[in-house]
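Biologist: I would like to learn how to read a helical model feature by feature. Where should we begin?

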Amino acid sequence: MGSETVAFAESAEGGKPPSREPAGAPERRSWAPLLAVCAGYFMVILDVTVINVAVPVIGRQLSASLTGIQWITDGYTLVFAGFLLTGGALGDRFGNRRVFCSGVAVFTASSAACALAPSSAFLVAARLVEGLGAALIVPGSLALLQQSYPGPAARSRAFGLWGSMAGIAASAGPLLGGLLVSTVGWRWVFLVNLPVGAACLLLTLRHVAPSPRCATRPLDWPAQCAIVTTVALLTGALNEAGRRGWSDPAVLAGLGLAGTAAAAFAVRERLARSPVLPLGLLRSRELSGGAVIGLLFNFGFYGMVFTASLDFQHQRGFSALRTGLALFPAVAMTMFASVLSGRLTRRTGDRPLVVSGMLLAALGLAGWAAAGDDPAYALLVVPLMAAGFGTSFALTGATSTVMGAVPAASAGAASALFNTTRQIGSATGVALGGSLLAAAADPATGLRTSMAVGALAYLTAAGLAWLCVPASTGQK
């Protein structure tokens, strides 16, 4: 950042920028904002999946009903997805660093409350607050990386590592959850967030410069309520579809009401003097296309992780810990792919990386679908690696495309939109995967159908990337 930007940030957010380090240590300084942001993002995504293997034990120990168990898992996701755009708008108004730090504090405190929960009702309430903290963290994380790494090459590397956190956390969740539950107990699933949250907060306050803010921009509360209602109803309906079926009246009513709320949001945004998500931004092919690409590859990846986890545990008899180990090939490839894509984007631009990543992931899931009804695990290692590598390889370019398509003042809104569509993709992939498994004549057929649908989503994303992602590196 230049001195003018730092000065503006200091006056805008009312704080002092971090002290300058000696000229001989620029590289050491450059990693600190990335570590801070990735630590916060890792906590958020980990809590989406780590709870899955702990829920049966929690239900027994807290005497939770089936509905209570479902809300322990789904309540976090609903609030997280529903308030992402609100988090982005708050970041643009009050400064992304301030809102990010507030989110980390809320998330860490609510994680402690989850660990100390004396009843299932208390745990559900704490999980709802935890989801709110997550919604404040994620939009600011991308905006802070864009602020801390203004150069295209450095920004691409930072976005790549940020994106790899999603794949690593999602795939490592079952492994870590199984390990903790089987050794020290389910409460440690939440207690591990405390040191990570404290380190994230300290690193952010020390090494990330205060963010510029638009204090005169009003918060459009009717629009905020409409988008929260839309995402909450849509995510809830999709989650219920996996259990009730797509033709259930409650699911159809939820989808219909979500559509109505979305229409109300669009009308409000068109009439508002200061919209939370300016509809003019959506005219950008890069922004709108990148958001849809994010939805599609989250659909494919999280649907694959969910259905694979069910297959490993229910059909193959794997334990929770062994299931985490079985998914590890996908985890291992995400970090490697993100680092490689961050380096290659300077030479190739974003489009080749997104297209090739989506094609590779599609081949992986298509290979799984074609492997037969009961393939040996050894035959599934390569498809797992291809899906993990391809998704992470494409995420860097998709993130860079979305964030580069908007001015700095709208970075929070763009980040929130991108992550909202990705969460919708995750929920859709999980819900559809569950529905296909339940509706199939046998589990093997349902699993192969789910993998084929995921491969089709990846192929669609590849075609969309060819049309929407810029071909050249350029200054973004």
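Modeller: Begin with a length check: the expected span of a helix is 1.5 Å times one less than its number of residues. The model here is predicted, and helix α10 (residues 193–207) serves as the example. With 15 residues, α10 should span 21 Å, and its end C-alpha atoms are 21 Å apart, which agrees.

Biologist: Which residues of α10 are buried?

Modeller: Buried means under 20% relative accessible area, and exposed means over 50%. N193, G197, C200 and T204 are the buried residues of α10. Viewed down the helix axis, the buried residues fall within an arc of 60°, so they line one face of α10. P195, L202 and R206 lie on the other side of the helix and are exposed.

Biologist: How many residues of α5 are buried?

Modeller: Helix α5 (residues 84–94) is mostly covered, with 10 of its 11 residues buried. Among them are L84, L85 and L90, together with the charged-type names D92 and R93. Just after α5, G95 has a positive phi of about 105°.

Biologist: What is the secondary structure of the whole chain?

Modeller: The chain has 19 helices and 0 strands. Of its 476 residues, 57% are buried. The accessible surface is about 18400 Å², and carbon and sulfur atoms hold 67% of that surface.

Biologist: How do I read the nonpolar core?

Modeller: In soluble globular proteins, nonpolar side chains tend to be buried together. In this model the largest nonpolar core has 112 residues, and V44, F80, L123 and W186 have the most contacts inside it. Helix α13 (residues 285–315) gives the largest share of this core, 12 residues.

Biologist: Which residues is V44 in contact with, leaving aside its neighbours within four places in sequence?

Modeller: With those neighbours left aside, V44 is in contact with Y76, F80, F107, A134, I137 and V138. F80 is thus on two lists: it is a contact of V44, and it is among the residues with the most contacts inside the core.

Biologist: And how do I read contacts by their separation along the chain?

Modeller: Count the contacts with a separation of 6 or more, then ask what share joins residues 24 or more positions apart; in this chain that share is 84%. Single pairs give the detail. S148, in helix α7, is 114 residues along the chain from L34, yet their C-alpha atoms are separated by 8.4 Å. Leaving aside neighbours within four places in sequence, S148 is in contact with P33 and V208.

Biologist: Where is P118 found, and is P118 buried or exposed?

Modeller: P118 is found in the loop between α6 and α7 (120–148). Its relative accessible area is 61%, over the 50% cut-off, so P118 is exposed. The C-alpha atoms of P118 and L62 are separated by 7.4 Å, with their positions 56 residues apart along the chain.

Biologist: What about S119?

Modeller: S119 has its place in the loop between α6 and α7. A relative accessible area of 28% makes S119 partly exposed. S119 and I58 are 61 residues apart in sequence, and their C-alpha atoms are 9.6 Å apart in space.

Biologist: Where does A264 lie?

Modeller: A264 lies in helix α12 (residues 249–271). A264 is partly exposed, at a relative accessible area of 41%. A226 is 38 residues away from A264 in sequence, and the two are 6.7 Å apart, C-alpha to C-alpha.

Biologist: Where in the chain is confidence lowest, and where is it highest?

Modeller: Confidence is lowest in helix α1 (residues 3–13), with a mean of 35, and highest in helix α6 (residues 96–115), at 93. Over residues 1–29 the pLDDT is below 50, and this stretch has 35 contacts in the model beyond near neighbours in sequence. For the chain as a whole the average pLDDT is 80, and 88% of the residues score at least 70.

Conventions
Residues are numbered from 1 along each chain as its sequence is written. Side-chain values use heavy atoms; hydrogens and water are left out. Helices (H or I, at least four residues) and strands (E, at least two) are DSSP runs, numbered from the N terminus. Buried means under 20% relative accessible area, exposed over 50%, partly exposed in between (1.4 Å probe, protein chains only). The arc is that of the directions from the helix axis to the C-beta atoms. A nonpolar core is a set of buried Ala, Val, Leu, Ile, Met, Phe, Trp, Tyr and Cys residues joined through side-chain atoms within 4.5 Å. Contact means heavy atoms within 4.5 Å. Accessible areas come from the Shrake-Rupley method with a 1.4 Å probe; for residues, only the protein chains shown count as cover. pLDDT is the predictor's confidence in each residue, from 0 to 100.
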